[in-house]
Amino acid sequence: LKVVADKTGSLIATSARFGALLSGASMEIVETLTKFGEKIGLAFQIVDDVLDATADSQTLGKTAGKDAANDKPTYVTLMGLDYAQQQAKELQEIAMSSLDGFGNQAQALKDLALLVVNRGK
């Protein structure tokens, strides 16, 4: 399993991988679902960074602007808001397209990918 830099991304990627392994899926399917998890996990983190920079505390359910106040490097502070938003969307598209071979069986995962990137909107 490739290392995903953040805790949330790692949890999502590991969950996707273990779900496939526990179901007895082929290694090809395991790898496909791992890739999905890695991409959507990173997209989740980027969107989290965007929301921290743009949303209010009530919307977030936690203190907004906390990362900036702590001088924490984020996708937004390192690459800019527009790039971060574009990157999250691209990761969402890659994650969703990795599921194309599953047809309608992967609709719940595709819906999850849409939710992850569109949350807060």
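**Entry 1: helix 2 against helix 6**

I started with how helix 2 and helix 6 pack in this predicted model: their axes are 8 Å apart, at an angle of about 155 degrees. Angles over 145 degrees count as roughly antiparallel, so I noted helix 2 as roughly antiparallel to helix 6. I also looked up the handedness of their crossing, and it is left-handed.

**Entry 2: who touches whom**

Next I wanted the residues behind that packing. From helix 2, I listed Lys35, Phe36, Lys39, Ile40, Leu42, Ala43, Ile46, Val47, Val50 and Thr54. Their partners in helix 6 are Leu81, Ala84, Gln85, Gln87, Ala88, Leu91, Gln92, Ile94 and Ala95. Sorted by character, the residues of this contact come out as 13 nonpolar, 4 polar and 2 charged.

**Entry 3: the second largest pocket**

Then I turned to the second largest pocket, which holds about 150 Å³ of space. Which helices each supply at least two residues of its lining? I found helix 2 (27-54) and helix 6 (81-97), the pair from my first entry. Helix 2 gives the most, with 4 residues.

I wrote down the lining in full: Val47, Val50, Leu51, Thr54, Gln85, Ala88, Lys89, Val117, Arg119, Gly120 and Lys121. How do these residues divide by character? I get 5 nonpolar, 3 polar and 3 charged.

**Entry 4: putting the two together**

Comparing my lists, I see that Val47, Val50 and Thr54 of helix 2 meet helix 6 and also line the second largest pocket. On the helix 6 side, Gln85 and Ala88 take part in the helix contact and in the pocket lining too.

How values were computed
Residues numbered from 1 in each chain as written. Predicted model: local features only at pLDDT ≥ 70, side-chain atom pairs only at ≥ 80, totals over all residues. Heavy atoms only, no water. 1 Å grid on protein atoms, 1.4 Å probe; cavity = no way out; pocket = protein on both sides within 12 Å on 5 of 7 lines; lining within 4 Å. Points joined across faces, edges and corners; volume = space filled by probe spheres on them. Nonpolar A, V, L, I, M, F, W, Y, C, P; charged D, E, K, R; others polar. Axes fitted to C-alpha atoms, helices over the stretch in contact; angles between N-to-C directions. Parallel < 35°, antiparallel > 145°, perpendicular 65-115°, else oblique. Left-handed = near helix turned anticlockwise from the far one by under 90°. Contact = heavy atoms within 4.5 Å.
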